[in-house]
Amino acid sequence: EIADYSLCYCWNLFPNGSFIGTSRSRTTFQYCASIGSRCSHVNSALVAPSTLASSCSRKLVIHAAYKASTSSVLGEHFSSLPSSDGEYQNSSDSRESGDESMEMEEQPKRRTEDSVSESIRLLEWDFISKYVARFCTTDNARTQIIRKGLYLAQNQSEAERLLAETREVIFIESQLRKPISLKGIARDMSELVVRASKGGILEGKQLISLANSIGVARRVKKHVRKCNDDLEIDSDEEDSEGDISEESDYEEDAERQAQVPVLNSIAERLMCHPEVEKIIYKCVDDHGDVRDSASPALADIRKEQRDVVSNIKRILDELMFKKAHCLQDRIITQRDERFVISVKAASKRAIAGRILDTSATGSTVFIEPKEIESSNSKLRSLRKKEKQIVEKILMELTEKVGDVSDDLLDIERILVHIDFAVARARHSMHLDAVEPAFVDDSSSSDDGVLCDVQDLRHPVLVWQVLDEIRLRKKSSGSSGNQAFSSSASGSALKEAYSRVVPASYSLKSGIKCAVVTGPNTGGKTISLKTLGTAVLLAKSGLFLLAEKKVTGEPPRLPFFDHVLADIGDDQSIVQSLSTFSGHIERVKRILSTATSDSLVLLDEVGSGTDPAEGSALGMALLTELARTAKLTFATTHHGELKTLKYNDPEGRFENASVEFDSEAMRPTYRLVWGIPGRSNALAIAQRLGFPQRILESAKEYLGGGSDSVDVNRVITALEEQRLEQDDETRKLRQMVAEAERRAEEIELRAKKLAKREREFEAQKSSLIEREVQAAKKKVQEVVQNMKEAGSDTKATANARGILNSISRVAAERRESVQAELSGSESSNYVPKKGDMVVIPRLGESAVEVVEDQNQRGEIMVKLGMLRTTVKAKEAILDRRASAAEAKRKRVNLAAAQRGMRITTGSDRSNSKPTAVVITDANTVDVRGETVDTAVNQIDAVLGRAMAYGTLCIIHGHGTGKLRAGIHEYLKSNSVVASFAYADQHQGGTGATIVRF
């Protein structure tokens, strides 16, 4: 930067590019900025080249460009320094022979960089970079983004890797909800590490800041590892000194699928050196003071100091007690690191000692009493020894930092890189952005798509609305940061999205140039910038503010190596450039830079000169760019450029226009593809308040060109037709999306219901099995007791028959449950008389078929006391009711075979006592209750008792009202087949046995 002086460029060694010298004592290295006329001073501060080279862990590459007037001093040092390949050479000899060829090689590269950087500036990339920088955690990352802008990938694989980093951070922080914390990194970490590597001594606070940075790196590495392996992470986990472990303790499971492989590969490069972190924490406390435990000698010195100070304070306390009348204040203070007391100036002779200081008013003198002079001297000596020991400890700790300086510099670089990814991810999450996908040249020919991005918004416009909302809330008394909170950002973002009009870009494979026409102030330029910005966002690893397609496909666009733009007026008085010449100069640079993978953005092609010549020049320029560039996006008002699409046999051109609302006489800012637009200059002028008489005159002049009027009418008709098609397409998309959403909900709901039904039936089957087993066990006990008591053979056989009946009923019940779980009825089911069926429109209760299907396809069913006809196809077989009916018939048959009386149908009166198996599960005791309460209790156990086929109701004798009420209830209950008094040994007339 300093012409005509000696310049030193130090690569990969010095962060600021300046030469580093050393002090005369050679204990610290310094940055030397004095060159040129004061080269002799620099020379005296420079260390010998051999010493400098040997002290550097990296290769030192120094290129010296100097002139004869000032080269004598520095030349003798630089001429013998090693070059990058390790060979010694004289840089002055190589400069003269190589400068000319180097200059010629650098010119095209410099021209390309100038054109690209100018285009990035025109697309306002610096604004987007500053918005992303808001989400950085570290100062270093934030500063780099603001100063240099977000990094742009040089090739597609690099861009895809940046997008993968962003996606994986979003996965960690959004889905896993385990945010990456980078707080605690030293802002001047690289400067401290370089100083340590050059022999300087770091202070305690500086060492602690480095240890904190190492700890951050270690925790980030551990955090990413666990997220990559999908392990549980304790959010409250805090590292103590004992938690600092070596990296070798970690064993990776090769079979486990990696969750964040790209981010993990970056974190794995962190060489954290926990031993350095641990020893720093062991020797230095959080305030930067060296701990007593850092050295036994330091501990002894400090203990001795405390003893001396305690003795001094004891002596002074006794003295102040004796001489209290002479003191100004009864406090002990220090002057020149020696303890003193404050004495009234008038009483200074009353205390023997040295006066070390006097107050500003002279009324107070600070005296070191003679009794503590030796102790003060001893304390000062101890403090000097302490300082020497502390310096030695700090030097040893700094040497340990210097030994791993390369790894520590890499830690800062990698953590800043991770912070970039975190900032990109949080920016994308905050704006609800969508990850883009690149269209390869090979794949674009398969599906015929070059670019497909729907409802794309410019991030700067969205951020402007969000900032406006934030300021509005701040002025209304709300917190200014609410716009960045998760709760506030939702409504704010929704408002921003509604206010920013999106643009869609749909280009087929083979299209090389898109020509956008339309009215002034209609949004042509912003459509140009939005597309260019989207390409830069994808290259930098940021997500797009676009919508996914109904099919769920992400926005797709090609990868461009350069984005070259000619936007705005580049006229300059200083450079003697008119509007037209300014455009020409910029287009010249674009033509020399553009490659077959470049995106070219041209605003107002052919403007600033004669319309006829401008149109011809524009047509020739776009035709040339269609041949050389990957895609050209141009806006214009020249009607001739609209015809390129129809005159190109290769089909490389496409027309587009910005929509204009003819009724409201204003643009809608929407981009419409396939139809050229009209300028609508007269309509725009009228809306802006232009004099009406001039507009009427202009219409008369325009009416003379009938061809132009006819073309505009055709374009108007096409625009109306396109709008109708867009509305229909939009409605169809919404309908398809809604149908898919409802189908997913129904399918999910059906799966949940089926799962719940299977679980319920399984539980019911298990419950039945357990209760049947319990009943069988009790019956077996009864049989065993009867055998042991010598009961008659007939009773024993009767009990065994009941046991076998229970087993058969349980088996049938299990078969019924399995049949229900196997699926629904076949569609060809024909109801038969006696079947229990469900008619959905009549309710969920099962009804009995009393007549078979007739010729009209109808059946008769019984609804309580009524009968009605229904369509046979409406009937659905109720397996459970049919199984219960079949079971009832089998139980009746088995009972009849054993000579037991079972009443059915209308014979639900009190019958003769009959034997039945009674367990706790099918017994209800309602003695002492009212009729209503007893009926409620019986209702509560009916469902459970039906599984056994019987229910025993214990009602007692009493007045007989409770028994009569229960019997009346049983007669009216449709599920009761019969009921009778129990056997004498089971309660007789004090209990009723119910069969279902």
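User: How many residues does helix H20 have, and what span should they cover?

Analyst: In this predicted model, helix H20 runs over residues 611-628. At 1.5 Å a residue, its 18 residues should span 26 Å, and the end C-alpha atoms are 25 Å apart, which agrees.

User: Which residues of H20 are buried?

Analyst: A residue counts as buried when its relative accessible area is under 20%. In H20 the buried residues are Gly 614, Ser 615, Gly 618, Leu 621, Leu 622, Leu 625 and Ala 626. These residues cover an arc of only 135° around the axis, so they lie on the same side of H20. On the other side of the helix, Ala 612, Glu 613 and Arg 627 are exposed.

User: How is a pair of aromatic rings described?

Analyst: Two quantities describe such a pair: the distance of the centres and the angle of the planes. A search of the whole structure finds six aromatic pairs. One of them joins Tyr 505 and Trp 673, with 6.4 Å centre to centre and 65° between the planes, and is edge-to-face. Tyr 505 belongs to strand S11 (residues 503-508) and Trp 673 to strand S18 (residues 666-673), so the pair ties together parts that are 168 residues apart in sequence. Both Tyr 505 and Trp 673 are buried.

User: Why is the pair of Phe 633 and Trp 673 edge-to-face?

Analyst: Planes over 60 degrees apart count as edge-to-face. The planes of Phe 633 and Trp 673 stand at 65°, with the ring centres 6.1 Å apart, so the pair is edge-to-face. Phe 633 is in strand S16 (residues 631-635) and Trp 673 is in strand S18, so this pair links distant parts of the chain, 40 residues apart. Phe 633 and Trp 673 are both buried. Elsewhere, Tyr 131, Phe 135 and Trp 463 form one aromatic cluster.

User: Strand S16 has now been mentioned. Are its two faces covered or open?

Analyst: To read a strand, one examines each face in turn. On one side of S16, Leu 631, Phe 633 and Thr 635 are buried, and on the other side Thr 632 and Ala 634 are buried, which leaves both faces covered. In total, five of its five residues are buried.

User: Which strands pair with S16, and in what sense?

Analyst: For each pairing, one asks how the strands run and which residues are partners. Strand S12 (residues 513-517) runs parallel to S16 and is joined to it by four bridges; the partner of Val 515 is Ala 634. Strand S15 (residues 599-602) also pairs with S16 in the parallel sense, over four bridges, and here Val 600 has Thr 632 as its partner.

User: Where is an antiparallel pairing found, and how many residues lie between the strands of the hairpin?

Analyst: Strand S5 (residues 327-335) and strand S6 (residues 338-344) pair in the antiparallel sense over five bridges. Arg 335 in S5 stands opposite Arg 338 in S6. The two strands form a hairpin with two residues between them, and Asp 336 in the turn has a positive phi of about 55°.

User: What is the order of the strands in the open sheet of four strands?

Analyst: The order is S24-S25-S27-S26, and the pairing is mixed. Strand S24 (923-925) and strand S26 (978-981) are the edge strands, each pairing on one side only. From one strand to the next, the twist averages 20°. Within this sheet, strand S25 (residues 950-954) and strand S27 (residues 991-995) run antiparallel and are joined by five bridges. Ile 954 has Ala 991 in S27 as its bridge partner.

User: Which helices pack on the sheet?

Analyst: For each helix, one notes the strands it touches and the angle of its direction. Helix H27 (residues 931-946) touches S24 and S25, and its direction makes about 155° with that of S25. Helix H28 (residues 961-972) touches S25, S26 and S27, and its direction makes about 160° with that of S26.

User: How is a single loop residue read? Is Asp 432 buried or exposed?

Analyst: One considers its place, its accessibility and its contacts. Asp 432 sits in the loop between helix H14 (405-430) and strand S9 (437-438). Asp 432 is exposed, with a relative accessible area of 52%. Leaving aside residues up to four places away in sequence, Asp 432 touches Leu 493 and Tyr 497.

Terms used
Residues are numbered from 1 along each chain as its sequence is written. This is a predicted model: local features need pLDDT of at least 70, side-chain atom pairs count only at pLDDT 80 or more; totals for chains, interfaces and linings use all residues. Side-chain values use heavy atoms; hydrogens and water are left out. Two strands pair if DSSP finds at least two bridges between them. Axes are lines fitted to C-alpha atoms, for helices over the stretch in contact, and angles run from 0 to 180 degrees between N-to-C directions. Contact means heavy atoms within 4.5 Å. The expected span of a helix is 1.5 Å times one less than its number of residues. Buried means under 20% relative accessible area, exposed over 50%, partly exposed in between (1.4 Å probe, protein chains only). The arc is that of the directions from the helix axis to the C-beta atoms. Rings of Phe, Tyr and Trp (its six-membered ring) pair if their centres lie within 6.5 Å; planes under 30 degrees apart count as stacked, over 60 as edge-to-face and the rest as tilted.
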